[in-house]
Amino acid sequence: MNKKSVKDIDVKGKRVFCRVDFNVPMKDGNVTDDTRVRAALPTIQYLADQGAKVILASHLGRPKGQVNEELRLTPVAKRLSELMGKDVKKADEAYGDAVQSQIAEMNEGDVLLLENVRFYPGEEKNDPELAKEFAALADVYVNDAFGAAHRAHASTEGIAQHLPSAAGLLMEKELQVLGKALSNPDRPFTAIIGGAKVKDKIGVIDNLLEKVDNLIIGGGLAYTFVKAQGHEVGKSLLEEDKIDLAKSFMEKAKEKGVKFYMPVDVVVADDFSEDANKKTVAINEIPSDWEALDIGPKTREVYTDVIKNSKLVIWNGPMGVFELDAFANGTKAVAQALADAKDTYSVIGGGDSAAAVEKFNLADQMSHISTGGGASLEFMEGKTLPGVAALDDK
Ligand SMILES: Nc1ncnc2c1ncn2[C@@H]1O[C@H](COP(=O)(O)OP(=O)(O)O)[C@@H](O)[C@H]1O
Ligand SMILES: O=C(OP(=O)(O)O)[C@H](O)COP(=O)(O)O
């Protein structure tokens with residue numbers, strides 16, 4: 001990476017504004033999954049150990065520029081305190097005089113978490129005035145929020161125009177792992193694309209066809225491809241206006257010699273619920289008033305085999321509605337195959353895929369679980385991430 005690292009700059013005694021992605025799931029005022037907090041710990045700990053005054057900033061949810069009591073970062077500060085084994089102070093705002101006073105009282109190695117930056121309308125608008133207010137709090141800017149690096153916001157992009165800046169350790173690791181996967185991949189290289197966001201993932205499929213040896217399609221987005229193959233999909237998820245594009249991808253795969261794997265059988269249900277009637281059918285036999293909610297056993301076998309024979313696999317999006325146990329088998333089979341394939345480097349991206357791997361207790365057997373869903377997709381599409389582009393070059 002040609003961007004400065006936090007390790008390239010002197011932070012001792014300096015006030016460091018460190019943007020992290022603490023956009024974590026919460027329930028009843030508690031953090032229910034602290035993966036992103038733990039992922040940011042190496043940078044926070046490094047800064048504290050170096051004697052910096054660590055000022056952390058993050059968004060949480062989408063409060064649309066207004067204060068939302070349920071989206072305060074207080075529970076995250078509590079969790080971070082527990083993880084670090086030291087007191088982490090929390091500010092009630094993200095800039096201004098009160099925050100300045102709190103910072104003035106900090107000692108070297110202290111950590112302060114600012115309030116949700118999206119409580120201010122200027123954040124998502126990348127308002128230069130708000131960026132200046134953030135910059136006024138610190139001497140140095142470090143961006144460790146890979147999950148938000150695809151956003152050009154005041155705390156991810158604007159602030160970097162006003163302070164010396166560098167990438168945090170998580171940011172570096174994410175860019176290095178994903179960058180290597182794409183620039184110099186071990187082969188056979190397989191991409192598995194599933195989930196429900198057809199529109200978001202179409203672009204990435206196009207780009208991946210230039211790079212992979214195998215492309216596996218599953219999840220809700222498969223049915224646009226199934227339809228493009230000429231089969232009926234009943235009530236399954238379908239993006240009518242993307243059928244032609246799906247067709248062109250299958251043709252492109254043929255031209256490029258990419259093996260394109262689609263479900264050969266599926267689990268269909270008469271309702272989107274745990275206790276729906278369900279049955280397994282061949283891909284050309286989806287009944288008109290049923291919907292496909294998971295891949296079937298034959299497909300699981302094929303996909304498992306491809307994974308076993310790959311050296312590098314990137315996986316984004318579940319194979320079925322894994323939140324319902326009745327339709328979790330396809331996703332579980334893929335996760336298990338990745339866990340079993342010890343010689344295969346596995347990269348998981350996307351909140352739901354990561355959640356699925358956690359649910360099956362297989363997270364620690366994956367090589368790399370990316371903290372960014374949208375960010376990892378945009379990166380893999382070859383787009384520039386504004387939060388990275390804004391940082392100082394080496
Ligand atoms: N066959 C399907 N029909 C409808 N929804 C599906 C199907 N397969 C997967 N899904 C849903 O897709 C969602 C995840 O999609 P997406 O957000 O694109 O993935 P990710 O967050 O991993 O990028 C899950 O909530 C899952 O229930
Ligand atoms: O959770 C996030 O995105 P992700 O679910 O695509 O990983 C990031 O924190 C970005 O959040 P945003 O999509 O509200 O800008």
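**Figure 1. Pro-188 and the cis peptide bond that precedes it.** In this predicted model, Pro-188 sits in the loop that joins α6, spanning residues 169–183, to β9, spanning residues 189–193. The peptide bond that leads from Arg-187 into Pro-188 is cis, and its omega angle is near 0°.

**Figure 2. The two domains of the protein and the contact between them.** The protein is divided into domain 1, which covers residues 15–170, and domain 2, which covers residues 185–381. To the contact between them, domain 1 gives 7 residues and domain 2 gives 8 residues. A distance of 35 Å separates the C-alpha centres of domain 1 and domain 2.

**Figure 3. Ligand 1 and the residues that surround it.** Around ligand 1 there are 19 residues, and those that come nearest are Ala-196, Lys-201, Glu-323, Asp-352 and Ser-353. When these surrounding residues are sorted by character, the shell of ligand 1 is made up of 6 nonpolar, 9 polar and 4 charged residues. The largest share of this shell comes from helix α12, which provides 3 residues.

**Figure 4. Polar contacts of ligand 1 with the protein.** The side chain of Ser-353 places an N or O atom 2.9 Å from an oxygen atom of ligand 1. For Asn-316, a polar atom of the side chain is found 3.2 Å from an oxygen atom of the ligand, whereas for Lys-197 it is a polar atom of the backbone that lies 3.2 Å from an oxygen atom of ligand 1. Taken alone, ligand 1 would expose 580 Å², and 89% of that area is buried by the protein. The elements that contribute two or more residues to the shell of ligand 1 are β14, at residues 291–295, and α12, at residues 351–359.

**Figure 5. Ligand 2 and the shell drawn from two domains.** The residues around ligand 2 include Asp-21, Asn-23, Arg-36, His-59 and Arg-62, together with Arg-118, Gly-147 and Arg-151, and the run of Gly-372, Gly-373 and Gly-374. Domain 1 and domain 2 each supply at least three residues to the shell around ligand 2. By character, this shell holds no nonpolar residues, while 6 of its residues are polar and 5 are charged.

**Figure 6. Polar contacts of ligand 2 with the protein.** A polar atom in the side chain of Arg-36 is placed 2.9 Å from an oxygen atom of ligand 2. Two glycines take part through their backbones: a polar backbone atom of Gly-373 lies 2.8 Å from an oxygen atom of ligand 2, and a polar backbone atom of Gly-374 lies 2.7 Å from an oxygen atom of the ligand. Ligand 2, taken alone, would expose 390 Å², of which the protein buries 83%.

**Figure 7. The surroundings of Ser-376 in helix α13.** Ser-376 belongs to helix α13, which runs over residues 374–380. Because its relative accessible area is 1%, and a value under 20% is counted as buried, Ser-376 is a buried residue. Apart from its neighbours within four places in sequence, Ser-376 is in contact with Phe-146, Leu-178, Asn-316, Gly-349, Gly-350 and Ser-370. Asn-316, one of these contacts of Ser-376, also has a polar side-chain atom 3.2 Å from an oxygen atom of ligand 1. The side chain of Ser-376 reaches the backbone oxygen of Gly-372 at 2.7 Å, and a polar atom of that side chain lies 3.0 Å from the backbone oxygen of Gly-373. Gly-372 and Gly-373 are themselves among the residues around ligand 2. Asn-116 stands 260 residues from Ser-376 along the chain, and the C-alpha atoms of the two are separated by 23 Å.

**Figure 8. Asp-28 and Asn-361, two loop residues with positive phi.** Asp-28 is found in the loop between β2, at residues 26–27, and β3, at residues 30–31. Although Asp-28 is not a glycine, its phi is positive, at about 50°. Its relative accessibility is 73%, and because values over 50% are counted as exposed, Asp-28 is an exposed residue. Asn-361 lies in the loop between α12 and β17, the latter at residues 368–369. Asn-361, which is not a glycine either, has a positive phi of about 60°. With a relative accessibility of 63%, Asn-361 likewise counts as exposed.

Definitions and conventions: Residues numbered from 1 in each chain as written. Chains lettered and ligands numbered in written order. Predicted model: local features only at pLDDT ≥ 70, side-chain atom pairs only at ≥ 80, totals over all residues. Heavy atoms only, no water. Near = heavy atom within 4 Å. Polar contact = N/O pair within 3.5 Å; in protein donor to acceptor, adjacent residues only side chain to side chain. Areas by Shrake-Rupley, 256 points an atom, 1.4 Å probe, with all protein chains shown as cover. Helix = DSSP H or I, 4+ residues; strand = E, 2+ residues; numbered from the N terminus. Nonpolar A, V, L, I, M, F, W, Y, C, P; charged D, E, K, R; others polar. Domains from an automatic or database assignment. Buried < 20%, exposed > 50% of the residue type's maximum accessible area, 1.4 Å probe, protein only. Contact = heavy atoms within 4.5 Å.
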